[in-house]
Amino acid sequence: MIDKIKEYIAEVDAFKAKSKEEIEAFRIKFSGRKGIINDFFTEFRTVANEQKKELGQAINTLKIAAEEKVQLLKEEFEANVEEKGSYGDLTRPAAPIALGSRHPISLVKNQIIDIFSRIGFNVSEGPEIEDDWHNFTALNLPEYHPARDMQDTFFIQTDPDILLRTHTSSVQVRYMENNQPPIRTISPGRVYRNEAISARSHCFFHQVEGLYIDKDVSFSDLKQTLQYFTTALFGKSEIRLRPSYFPFTEPSAEVDVYWGLETETDYKMTKGTGWLEIMGCGMVDPNVLKNCNIDPEVYSGFAFGMGIDRIALLVYGISDIRMLSENDIRFLEQFKSAL
Ligand code: PHE
């Protein structure tokens, strides 16, 4: 009998369960009313007195071992179930998460930054509230210069020296003041002009201006860079430069890209010419370099600047510039899939 009990103790020790049902079956087998342990106790009554001590102890050991085993298995099993439960029901449909989207201006801006970063341009930024020097004077637009009227400026009423920048050329001035050539930088940002608000223009919009200064920078470098840019952004490589005037560049030009005349929209957009004006550019005026402590005898450079709101209208086929600042969620939501 004692050997039998020892065998059972070994069986209890080795037992493993895969389910609650198996644990329960195990419990009934050993500790149930008609289980193995009770059978042993019944048999126990019939054994000789001198064996009782040893047998009693052995049966008790088996009893305790079986009970503890059941307890342990149950605890383990419950812990497991809890852990699995924390994954939830994996087949349940996901709760809808409201995803945001990037603003079309940001999308275009990021694309332009990416295109210029590939040819070594970094990004520079500056304040939207500017002083006269950085927005005008340093850019070869001294006081009373008639070209100041080219852009209707918002001044801060109490201080005529402080204004809302009319272009991010102001950032280029700041950059030149703080860095010596070679300089390759683009300056994205919001600018302000006191213009009537319509479907085509707004009193604030966004620009990306570029500046490249080094030894022997020529006009053909400028043209090559612009062509690289229009090809990368629009997939259109045909450009033309029309002579123009900016106080801070000499010579200056307007850049047109050949958009084509394939659709009715192309006709409308290009007023039937196929050409679309996208930016201003030119060779940096030596006076500007001087104003920013760069020696024009040693260095030359080019600059360009474009409004990116209109480019966003073009790229995304948006008909009214005001939609870009109205924050109508139904409009903005449409850019979810854009990168
Ligand atoms: N600053 C000009 C504008 O805002 C654009 C420009 C930049 C033109 C650089 C020439 C060179 O209209």
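**From the ligand outward**

A nitrogen atom of the ligand lies 3.1 Å from an N or O atom in the side chain of His 167. This contact is a suitable place to begin, with the reminder that the model is a predicted one. Two further polar contacts may be set beside it. In Glu 209, an N or O atom of the side chain is 2.8 Å from a nitrogen atom of the ligand. In Arg 193, a polar side-chain atom is found 2.8 Å from an oxygen atom of the ligand. Taken alone, the ligand would expose 320 Å², and the protein buries 93% of this area.

The view can now be widened to the whole shell around the ligand. It consists of 14 residues, and the closest of them are His 167, Ser 169, Arg 193, Gln 207 and Glu 209. By chemical character, the shell comprises seven polar, five nonpolar and two charged residues. Where in the fold do these residues come from? Three strands, namely β6 (204-214), β9 (275-284) and β10 (300-307), each contribute at least two residues to the shell. The largest share is that of β10, which provides three residues.

Ser 169, one of the closest residues to the ligand, also belongs to a helix that merits attention. Is helix α7 largely enclosed or largely open? This helix spans residues 169-178, and seven of its 10 residues are buried, so the rest of the structure largely encloses it. The buried residues are Ser 169, Ser 170, Val 171, Gln 172, Val 173, Tyr 175 and Met 176. A residue counts as buried when its relative accessible area is under 20%.

Aromatic rings form another part of the picture. The structure contains 16 aromatic pairs. In one of them, Phe 331 and Phe 335 meet edge-to-face, with 5.2 Å between the ring centres and 70° between the planes. The angle qualifies for that name because planes over 60 degrees apart count as edge-to-face. Both Phe 331 and Phe 335 are buried. Elsewhere, ring pairs join Phe 116, Phe 121, Tyr 212, Phe 229, Phe 302 and Phe 304 into a cluster.

The backbone deserves a separate look. Most peptide bonds are trans, and most residues other than glycine have a negative phi. Against this background, several places stand out. Pro 181 and Pro 182 are joined by a cis peptide bond, with omega at about 0°. Pro 182 is located in the loop between α7 and β5 (183-192). A cis bond also leads from Glu 250 to Pro 251, where omega is near -5°. Pro 251 is part of strand β8, which covers residues 249-258.

Positive phi values complete this survey of the backbone. Lys 271, which is not a glycine, has a phi near 50°. Lys 271 sits in the loop between α9 (264-269) and β9. Is Lys 271 buried or exposed? Its relative accessible area is 76%, so Lys 271 is exposed. Asn 293, also not a glycine, has a positive phi of about 65°. The loop between α10 (286-291) and β10 holds Asn 293, and this residue counts as exposed because its relative accessibility is 59%.

Finally, one may step back to the chain as a whole. The protein chain is divided into domain 1, residues 2-87, and domain 2, residues 104-338. Taken over C-alpha atoms, the centres of domain 1 and domain 2 are 85 Å apart.

Note on methods. Residues are numbered from 1 along each chain as its sequence is written. This is a predicted model: local features need pLDDT of at least 70, side-chain atom pairs count only at pLDDT 80 or more; totals for chains, interfaces and linings use all residues. Side-chain values use heavy atoms; hydrogens and water are left out. Domain bounds come from an automatic or database domain assignment. A residue is near a molecule or strand if one of its heavy atoms lies within 4 Å of it. A polar contact is a pair of N or O atoms within 3.5 Å; within protein, one must be able to donate a hydrogen and the other to accept it, and residues adjacent in sequence count only if both atoms are side-chain atoms. Accessible areas come from the Shrake-Rupley method with a 1.4 Å probe; for residues, only the protein chains shown count as cover. Helices (H or I, at least four residues) and strands (E, at least two) are DSSP runs, numbered from the N terminus. Ala, Val, Leu, Ile, Met, Phe, Trp, Tyr, Cys and Pro count as nonpolar, Asp, Glu, Lys and Arg as charged, and the others, Gly among them, as polar. Rings of Phe, Tyr and Trp (its six-membered ring) pair if their centres lie within 6.5 Å; planes under 30 degrees apart count as stacked, over 60 as edge-to-face and the rest as tilted. Buried means under 20% relative accessible area, exposed over 50%, partly exposed in between (1.4 Å probe, protein chains only).
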